[in-house]
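Visitor: I have the model open and would like to talk through its contacts and sheets. Please start with the interactions between charges and rings.

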Amino acid sequence: MRRITRITTVGIASAALALSATACGKSSNDSGSSSTTDSKAVKAAIAYDIGGRGDQSFNDAAYAGLKKAEDDLGVKGAEAEPSQGESDADKVARLTSLARAGNNPVIGVGFSYAPAIAKVSKAFPKTTFGLIDDTSVTAPNIANLVFNEEQGSYLAGVAAAKASKTGTVGFIGGVEVPLIKKFEAGFTQGVKDTNPKAKVLTQYLTQPPNFDGFSKPDLGKAAAQGQLDKGADVIYAAAGLAGSGSIEAAATAGKWAIGVDSDQYNQAGLASYKDHILTSVTKDVSDSVYNVIKSVKDGKPQTGEIRYGLATDGVGLADSNPAYVKMTDVTTAVEKAKKDIIDGKITVKTAP
């Protein structure tokens, strides 16, 4: 990661939008058909969320699913990057271009694509649209790929409470929207259930319609530094690219950071700070992307709500850091909490 500036995206396929619809032998009127007999001609596309590919988190997890589909299924992948401060009209244009180019499915990475997918899915009824993190928009050709983020965040709260020496931990949300409130709710509940006396410092980086809190690492770093100054020694950020700044701040101070969405201990852009990434709350975004692509290729497109939770390893807590594995009191508490959630003994809140 470049210190404090935006993590540089690597190898973005910006030319992917120029893919010709003739590669699949379809016109723009039937570009959504999945009846091709040549599996190598199947094309799939993802449109990235704020922060783009290279965020070491949410978008990179989606890319991993596309890459797996390319490698395992012979799918030809296309990618499209967001622009700073873009409108719904920009998203509509992006998704339309991807669908018109013959990509099927077309996947919007993040809830912000809901209004655009609602519109574009009607124009391309034979194309499957994947919508990650949102169920507000439904149609026969929309697959709503959603997760129980609160469950994974609860486990992070347990780990934070057990690992903290000061009894003060921090939560940083990128933008104060209902999705990120789920992360906050689960984390806070996990902390308090583990140590009722613990203090949870909570801060959101921006308020909608300002979504910079998902894209600017300097905001995450400043927020984390403020929490560190108040005694926090474990900080969990659900803030996309901005979260890398909080990881940097915690690592520089010799404290613990908890990553999000991807296993951030294993992200190359965060290698300088990995020893201080205690664990990460993972969302199996990569498999959700892969699964919807495979479903279309198999001629049985996913549709409706497809939910990924703790019981199916759709969310979880990473154990890549050897230091975390050695904390047997922490890992034992996490495993017990995981079992209790799956068994229904613990119901995790979805709002603070």
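Guide: Lys91 lies over the face of Tyr113, at 5.6 Å from the ring centre, where a charge sits over a ring if NZ of Lys or CZ of Arg is within 6 Å of the ring centre and within 35 degrees of the ring normal.

Visitor: Before we go on, what should I know about the model and the numbering?

Guide: This is a predicted model, in which local features need pLDDT of at least 70 and side-chain atom pairs count only at pLDDT 80 or more, while totals for chains, interfaces and linings use all residues. Residues are numbered from 1 along each chain as its sequence is written, and side-chain values use heavy atoms, with hydrogens and water left out.

Visitor: OK, and which ring does the charged end of Arg53 sit over?

Guide: The charged end of Arg53 sits over the ring of Tyr63, 3.7 Å from the centre of that ring.

Visitor: Let's zoom out: how many helices and strands does the protein have?

Guide: The protein has 10 helices and 12 strands, taken as DSSP runs numbered from the N terminus (H or I over at least four residues for a helix, E over at least two for a strand). Of its 352 residues, 58% count as buried, which stands for under 20% relative accessible area, with exposed meaning over 50% and partly exposed in between (1.4 Å probe, protein chains only). Among contacts (heavy atoms within 4.5 Å) with a separation of 6 or more, 70% are between residues 24 or more positions apart.

Visitor: What is the strand order in the sheet with mixed pairing?

Guide: That open sheet of 6 strands has the order E7-E6-E8-E9-E10-E12, where two strands pair if DSSP finds at least two bridges between them. Strand E7 (199-206) and strand E12 (315-317) are the edge strands, and each has a single partner strand, so one side of each is left without a neighbour in the sheet. From one strand to the next the twist averages 15 degrees, with axes fitted as lines to C-alpha atoms (for helices over the stretch in contact) and angles running from 0 to 180 degrees between N-to-C directions.

Visitor: And how many bridges join E6 to E7?

Guide: Strand E6 (residues 168-175) runs parallel to E7 and is joined to it by 7 bridges; the bridge partner of Thr168 in E7 is Lys199.

Visitor: Which helix lies across E6, E8, E9, E10 and E12?

Guide: Helix H4 (residues 149-163) does, and it runs at about 10 degrees to E12.

Visitor: Where in this sheet is Ile235, and is it buried or exposed?

Guide: Ile235 is in strand E8 and counts as buried, at 1% relative accessibility. Ile235 lies 67 residues from Thr168 in sequence, and their C-alpha atoms are 9.3 Å apart. Leaving aside neighbours within four places in sequence, the contacts of Ile235 include Gly170, Ile172, Trp256 and Ile258.

Visitor: Switching to aromatics, how many pairs turn up?

Guide: A search of the whole structure finds 7 aromatic pairs, counting rings of Phe, Tyr and Trp (its six-membered ring) with centres within 6.5 Å, and calling planes under 30 degrees apart stacked, over 60 edge-to-face and the rest tilted. The rings of Phe171 and Phe187 have centres 6.2 Å apart and planes at 35 degrees, so this pair is tilted. Phe171 in strand E6 and Phe187 in helix H5 (residues 178-194) are 16 residues apart, and their pair links distant parts of the chain.

Visitor: Which residues do ring pairs link into a cluster?

Guide: Phe171, Phe187, Tyr204 and Tyr236 are linked in that way. Phe171 is buried, at a relative accessible area of 0%, and Phe187 is buried with a value of 0% as well.

Visitor: What does the side chain of Glu184 make a polar contact with?

Guide: The side chain of Glu184 makes a polar contact with the side chain of Tyr204 at 2.6 Å; such a contact is a pair of N or O atoms within 3.5 Å, where within protein one must be able to donate a hydrogen and the other to accept it, and residues adjacent in sequence count only if both atoms are side-chain atoms. Glu184 is placed in helix H5 and is buried, with a relative accessible area of 10%.
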